[in-house]
Amino acid sequence: MLDDFLGATLAGTRAAGEHGLGARGTVRWQWLDEGVLLLEPAQVSEATRSVLLSAGVHGDETAPIELLSKIVADIAAGRLALACRVLVVLGNVAAMRAATRYQDDDLNRLFGGRHARVPQSREAPRAVALEAAAQRFFAGASTAPGARWHLDMHTAIRASAFEQFALLPYIDNATGAAPARAMFEWLADARIAAVLIHTEKGATYSSFTADHCGAMACTLELGKVRPFGENDLARFAHADAAVRRLVAGTTKEPAPMPRVFTVIGQITKQSDAFALHVAADVPNFTPFARGTVLAEDGAYRYVVAHDEERIVFPNPTVKPGLRAGLLVVETTDATLAALV
Ligand SMILES: [Zn+2]
């Protein structure tokens, strides 16, 4: 089963609780739920890191799913050393089987209890199950600084000025903690070109683990979507290698830090009269100069107020009242200077 975790998950024939030993007895594994696999080294101590690796939260984002399945096979066969506890999660298995992003609702908008608003949704019980799986996994994790990680791997729908980028969730705490240097060094190791820092709470899987599990969490956008078997995994080689170094506890390669962008505003669709004045397929992180009118809707206008603002995830087809795009400004120097 571990030699083809993706195939076993898609077949849907495994029983929860099934467990065994891999890599000549040095790795304990347990099948916890459909597409949820716990891997632990034989010896676990207070210093052992706990790393949640997820993919397929959007069912058609196939490359990271294949990448994770290969990592499981390599750990099980002893080709990749396992130096930390790992929970491997294939997110929306039903959507993966249907080769679609989701069935009823975007699973990555349902975390942090948001699933309770759509109880009829076929994604709601999966959000509940994945929240519980993360909480159980991190309940058994070290509380030492830097011991808890969550990397949620995605591929983007649209082009981007930075092909591979990461989204860091907003962390709501009394001290207003700055982002962790360990995470930025890992992102550099993965050759992630840009990092977007959210300034409001989200409903993504990485927001949930940051907020409820004390994890250093991020969402990784690793390039464009293709069907299973048609991905050029070489394009994901740096991220793959960095995940493997994290899992094996081996030394990172020195690499330049990513550029950093912080959310400073959003375009909100007010009504069906909404007009977005950028091309529907404009690449993520496209810059606009001060004074540019990006959207209009009756009396509402979004005008660029900083010297330069960049648009991310523009989508004029959302329902009125919802976000039709995010605006970010570059904060590389200040953010990197403040890492803890
Ligand atoms: Zn995605």
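## A stretch rich in strand

Let's begin with residues 259-330: the chain there is 0% helix and 53% strand. The C-alpha atoms at the two ends of this stretch are 8 Å apart. Keep in mind as you look around that this is a predicted model. In UniProt, an unreviewed entry gives residues 259-330 the feature "domain: AstE/AspA barrel-sandwich hybrid".

Now find F285, in the loop between β11 (275-276) and β12 (286-289). F285 is not a glycine, yet its phi is positive, at about 70 degrees. Is F285 buried or exposed? With a relative accessibility of 0%, F285 counts as buried.

## The zinc site

Which protein atoms are the donors of the zinc ion? They are ND1 of H58, two OE entries from E61, and ND1 of H154, at 2.0 to 2.3 Å from the ion. The angles among the four donor atoms run from 57 to 142 degrees, and the site is irregular. To count as tetrahedral, four donors would need all angles between 85 and 135 degrees.

Along the sequence, the spacing of the donor residues reads H-x2-E-x92-H. E61 sits in the loop between β4 (50-55) and α2 (62-77), while H154 belongs to strand β6 (residues 148-156), so this pair ties together parts that are 93 residues apart in sequence. Both E61 and H154 are buried.

## Two helices that pack together

Next, look at helix α4 (residues 124-139) and helix α6 (residues 205-212). Their axes are 11 Å apart, and the helices pack at an angle of about 40 degrees. The crossing of α4 past α6 is right-handed.

Which residues make the contact? From α4 come L130, E131, A134, Q135 and F138, and from α6 come Y205, F208, T209 and H212. A handy rule helps when reading such lists: an α-helix has 3.6 residues a turn, so residues three or four places apart point the same way.

## Helix α5 and what follows

Which residues of helix α5 (residues 181-189) are buried? They are M183, F184, W186, L187, A188 and D189. After α5 comes R191, which has a positive phi near 60 degrees.

## A positive phi at A23

Finally, turn to the loop between β1 (19-22) and β2 (27-33), where you will find A23. Although A23 is not a glycine, its phi is positive, at about 45 degrees. The relative accessibility of A23 is 9%, so A23 counts as buried, given that buried means under 20%.

Key
Residues numbered from 1 in each chain as written. Predicted model: local features only at pLDDT ≥ 70, side-chain atom pairs only at ≥ 80, totals over all residues. Heavy atoms only, no water. Donors = N, O, S within 2.8 Å, 3.2 Å for Na, K, Ca; no water. Tetrahedral: all angles 85-135°; square planar, octahedral: opposite > 155°, others 65-115°. Helix = DSSP H or I, 4+ residues; strand = E, 2+ residues; numbered from the N terminus. Buried < 20%, exposed > 50% of the residue type's maximum accessible area, 1.4 Å probe, protein only. UniProt positions renumbered as here; feature names shortened; annotations may be inferred. Axes fitted to C-alpha atoms, helices over the stretch in contact; angles between N-to-C directions. Left-handed = near helix turned anticlockwise from the far one by under 90°. Contact = heavy atoms within 4.5 Å.
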